Amino acid sequence: MNIHRQLSQIVTTTREYIEEQVQLGFFDMDEETKNTEIPQDIFQNNHLKPEESLYLDLDLDNLKMEALDCHKCQLDQSRIHVVFGTGNQKADLMFVGEAPGAEEDRTGKPFVGRAGQLLTKIIQSTGLTRDDVYIANVLKCRPPGNRNPKSNEIEQCEPYLLRQIDLIEPKVICALGTFAAQILLRTDERISKLRGNFYNYHGTKVMPTYHPAYLLRNPENKRQVWEDIQKVMAELRLPTPN
Ligand code: SF4
């Protein structure tokens, strides 16, 4: 192998490693302070209502086709895949995160990689599987370098999520992390204050809890996530697994 090819491989491997670390939060701001990074003008915007969705005439499959070919914001320039969402199209429980990371961008699937594996364990702790629930993000394309989404990207992309929720009709949405919770609830309140209580998103109950990537850095908070998940299970009348 020539030296240029070797160097190129080293750069690629190093970049992927750093991107994974950023995705896991090792180089990121603490989730407690991350709210200062959310575009503040988004809080002044009123929520779109489901009946105002651009995509009222689309079912989930057609909505996905629309998203896969979306060029409504500049994230179309840097993405590899649009990560629409996966799971049971009639799930009672839906998980919503922030945006795809490097691994999700590469595979086109939400919540893969280490944080995704932890989410899978969280789901299994309820007695359900990933196939029983639906998993999506607020943004369908990865912001370069996992930077925080911009307000115009949120405004352009949120109608996809709104229509997803309208079609899936989950009984409970679990908002994973500061960003998803603050965007869904249009609040700049910290995740530590939001978590553990149900809120309303167009008639659907929302339980904010810590993002799995945050838990990888702060395993002492797992107990609080388990408490939040138990409230979700009680709401869904799921039996406690043995
Ligand atoms: S982030 Fe959303 S609005 Fe922007 S290009 Fe991707 S799918 Fe379209």
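Okay, a warm-up to start: which residue stands opposite Thr209 in S6? The answer is Leu176. Keep Leu176 in mind, since we'll meet that residue again later.

Before going on, a word of caution: what you're looking at is a predicted model. The average pLDDT of the protein chain is 87, and 82% of the residues score at least 70. There's one stretch to watch, though: over residues 20–36, pLDDT stays under 50. The model does have 37 contacts beyond four places in sequence for that stretch. Still, where pLDDT is low, we shouldn't read the predicted coordinates in detail. I'll leave that part alone today.

So, the overall picture. The protein chain has nine helices and six strands. It's 242 residues, and 37% of them count as buried. If you take the contacts with a separation of 6 or more, 76% of those come from residues 24 or more positions apart.

Now let's walk through the sheet. It's an open sheet of six strands, in the order S1-S3-S2-S4-S6-S5, and the pairing is mixed. At the edges you'll find strand S1, residues 86–87, and strand S5, residues 199–201, and each of these pairs on one side only. As a quick reminder, strands of a sheet pair through backbone hydrogen bonds, either parallel or antiparallel.

We've got both kinds here. S4, residues 172–176, and S6, residues 204–209, run parallel, and five bridges join them. That's where our warm-up pair sits, with Leu176 facing Thr209. Another pair to find is Cys174, which stands opposite Met207 in S6. On the other hand, S5 and S6 pair in the antiparallel sense, over three bridges. Have a look at Tyr201 there, whose bridge partner in S6 is Thr204. S5 and S6 make a hairpin with two residues between the strands, and His202 in that hairpin takes a positive phi near 50 degrees.

Why point that out? Because most residues other than glycine have a negative phi. And there are a couple of others to look at. Phe111 isn't a glycine, yet it has a positive phi of about 50 degrees. You'll find Phe111 in the loop between helix H3 (102–107) and helix H4 (113–124). Then there's Arg186, also not a glycine, again with a positive phi of about 50 degrees. Arg186 is in the loop between helix H6 (177–185) and helix H7 (191–194).

Are those two loop residues buried or exposed? Phe111 has 27 other C-beta atoms within 10 Å, so it's buried. Arg186 has 13 within 10 Å, so it comes out as partly exposed.

Arg186 comes just after H6, so let's look at that helix. Eight of the nine residues of H6 are buried, which means the helix is largely enclosed by the rest of the structure. The buried ones include Gly177, Phe179, Ala180 and Leu184.

That takes us inside. The largest nonpolar core has 51 residues, and among those touching the most other members are Met94, Val96, Cys174 and Ala180. H5 gives the most to this core, with seven residues. Try clicking on Val96: leaving out residues up to four places away in sequence, it touches Ala136, Asn137, Val138, Leu161, Ile173, Ala175, Leu176, Ala180 and Leu184. Yes, there's Leu176 again.

Leu176 turns up once more with Tyr214. In sequence the two are 38 residues apart, and in space they're 9.7 Å apart, C-alpha to C-alpha. Tyr214 lies in helix H8, residues 212–217. Tyr214 counts as buried because it has 25 C-beta neighbours inside 10 Å.

Last stop, the ligand. How many residues surround it? There are 14, and the closest are Cys70, Cys73, Lys140, Cys141 and Cys157. By class, that shell has eight nonpolar, two polar and four charged residues. Which helix gives the most to the shell? That's H5, residues 151–168, with three residues. So H5 leads twice, since it also gives the most to the core.

That's my tour. If you want to explore on your own, start with the Leu176 and Thr209 pair, and follow Leu176 across to Val96.

How values were computed
Residues are numbered from 1 along each chain as its sequence is written. This is a predicted model: local features need pLDDT of at least 70, side-chain atom pairs count only at pLDDT 80 or more; totals for chains, interfaces and linings use all residues. Two strands pair if DSSP finds at least two bridges between them. Helices (H or I, at least four residues) and strands (E, at least two) are DSSP runs, numbered from the N terminus. A residue is near a molecule or strand if its C-beta atom, placed from the backbone, lies within 6 Å of it. Ala, Val, Leu, Ile, Met, Phe, Trp, Tyr, Cys and Pro count as nonpolar, Asp, Glu, Lys and Arg as charged, and the others, Gly among them, as polar. A nonpolar core is a set of buried Ala, Val, Leu, Ile, Met, Phe, Trp, Tyr and Cys residues joined through C-beta atoms within 7 Å. A residue is buried if 20 or more other C-beta atoms lie within 10 Å of its own, exposed if 12 or fewer, and partly exposed in between; C-beta atoms are placed from the backbone. Two residues are in contact if their C-beta atoms, placed from the backbone, lie within 7 Å. pLDDT is the predictor's confidence in each residue, from 0 to 100.
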